[in-house]
Amino acid sequence: MSLGDHLVEFRKRLMIAGIAIVLGMVVGWLLSNQVLNLLRGPIIAIAKTGRNAQLNYGDISGAFDLRLQIAFFIAIIISSPIWLYQIWAFLAPGLTGKEKRWGIAFLGAAVPLFLGGAYAGWIVFPNIVRLLTSFAPSEDAAYVAARTYFDFVLKLMIAMGIGFVMPVFLVLLNFIGVLRGQSILKSWRIAILCIMLFTALATPAADVWSMFLLAVPMVVLYMGAALIAVLHDRRVDKRRAAEFAEYGLDEPNGGTA
């Protein structure tokens, strides 16, 4: 394809993705009030303890802006199959058959893991809200800025989604020959320490239950990635040894670290 054809194809894919997101925003707007009620849950729970707590809008357009943000977030989620396919359809013609298989496998694993991580963040966020607001004296009111509150929950969900996807990147690095499975396996102590630090930052202060609730599946995913990488290396090493034996050559020592 010429450069002009690529630009036409890019515009076509972009328009389809844009239309899908706009339609998703219509659905998101209809659902935004229900989502806002769910987000308000931890604040209501704090108020039931006898403390003055409520969401606060700092300006006239604050409520509208927040509902628009929520609608856009919902649109990105529900339209993700369409815009992800458009990205893939634009890139796929330039990929080899092997690269296409890797790409499909990567997306097939990364998307549900990201959504699973985001859902884990959604589960623990009420505990985090209650914990962080408990540091304020009981005689003080908790007026939480609605937009800041939504940004906090959104960043938490995105951070946890990325954390759950990291093992997929390790497998991808192994499959393209950058990282050996043994290197992933030998680094398990450092990995667990990093996971614990990450979950401790994602679940601030002393909420140990939420921290372990997030850390355990991430450790399991890391070990699963290490196992897949080791098995892949064994298969590659056997195939390489057979190729060298066929030509009567000695296989060189070492490998990709």
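Of the 257 residues in the protein, 31% are buried. The model analysed here is a predicted one. Its secondary structure consists of eight helices and two strands, and these elements follow one another along the sequence in the pattern α-β-α-α-α-β-α-α-α-α.

The largest pocket of the predicted model has a volume of about 720 Å³. It is lined by 27 residues, of which Phe73, Ile77, Phe114, Leu115 and Ala118 are the closest to its centre. Five helices each give two or more residues to this lining, namely α1 (3-48), α2 (62-78), α3 (80-91), α4 (97-133) and α5 (146-175). The largest share comes from α4, which provides eight residues. In chemical character, the lining of the pocket divides into 26 nonpolar residues and one polar residue, with no charged residue present.

A nonpolar patch of about 580 Å² was identified on the surface. The residues that make this patch are Val26, Val27, Leu30, Leu31, Ile77, Ile78 and Leu115. Helices α1 and α2 each supply at least two residues of the patch, and the largest share, four residues, comes from α1. Two members of the patch, Ile77 and Leu115, are also among the residues closest to the centre of the largest pocket. Leu31, another member of the patch, is located in helix α1. Its relative accessibility is 38%, and Leu31 is therefore classed as partly exposed.

Two further positions in helix α1 were examined for their spatial relation to parts of the chain that are distant in sequence. Gly18 belongs to helix α1 and has a relative accessible area of 30%, so that Gly18 is partly exposed. The C-alpha atoms of Gly18 and Ile82 are 9.7 Å apart in space, although 64 residues separate the two in sequence. Ala47 is likewise placed in helix α1. With a relative accessible area of 31%, Ala47 is partly exposed. Between Ala47 and Ala141 the C-alpha separation is 9.6 Å, while the two residues are 94 residues apart along the chain.

Four salt bridges were counted in the model. One of them joins the side chains of Arg13 and Glu9, with an N to O distance of 2.8 Å. Because Arg13 and Glu9 are four residues apart in helix α1, about one helical turn separates them. Arg13 has a relative accessible area of 16% and is therefore buried, the cut-off for this class being under 20%.

A second salt bridge is formed by Arg147 and Asp65, whose closest N and O atoms are 2.9 Å apart. Arg147 lies in helix α5 and Asp65 in helix α2, so this pair ties together parts of the protein that are 82 residues apart in sequence. Both helices also contribute to the lining of the largest pocket, α2 and α5 each giving two or more residues. The relative accessible area of Arg147 is 38%, which places Arg147 in the partly exposed class. Asp65 counts as partly exposed as well, at 25% relative accessibility.

Another salt bridge connects the side chains of Arg180 and Asp233, with an N to O distance of 3.9 Å. Arg180 is situated in the loop between α5 and α6 (181-186), whereas Asp233 lies in helix α8 (residues 208-246); the pair therefore ties together parts that are 53 residues apart in sequence. Arg180 is partly exposed, at 23% relative accessibility. Asp233, by contrast, is buried, with a relative accessible area of 7%. This pair belongs to a network in which Arg180, Asp233 and Asp237 are joined by salt bridges that share partners.

Taken together, the salt bridges described include a pair within helix α1, a pair that ties helix α5 to helix α2, and a pair that ties the loop between α5 and α6 to helix α8. Helix α1 also provides four residues of the nonpolar patch and is one of the helices that line the largest pocket.

How values were computed
Residues are numbered from 1 along each chain as its sequence is written. This is a predicted model: local features need pLDDT of at least 70, side-chain atom pairs count only at pLDDT 80 or more; totals for chains, interfaces and linings use all residues. Side-chain values use heavy atoms; hydrogens and water are left out. On a 1 Å grid over the protein atoms alone, a cavity is a set of points where a 1.4 Å probe fits but cannot get out, and a pocket is an open set with protein on both sides within 12 Å along at least five of seven lines; lining residues have an atom within 4 Å of a point. Grid points are joined across faces, edges and corners, and a volume is the space filled by probe spheres set on the points. Ala, Val, Leu, Ile, Met, Phe, Trp, Tyr, Cys and Pro count as nonpolar, Asp, Glu, Lys and Arg as charged, and the others, Gly among them, as polar. Patches are made of residues with over 30% relative accessible area and no salt bridge: like charges are joined within 9 Å, nonpolar side chains (Val, Leu, Ile, Met, Phe, Trp, Tyr) within 5 Å. Accessible areas come from the Shrake-Rupley method with a 1.4 Å probe; for residues, only the protein chains shown count as cover. Buried means under 20% relative accessible area, exposed over 50%, partly exposed in between (1.4 Å probe, protein chains only).
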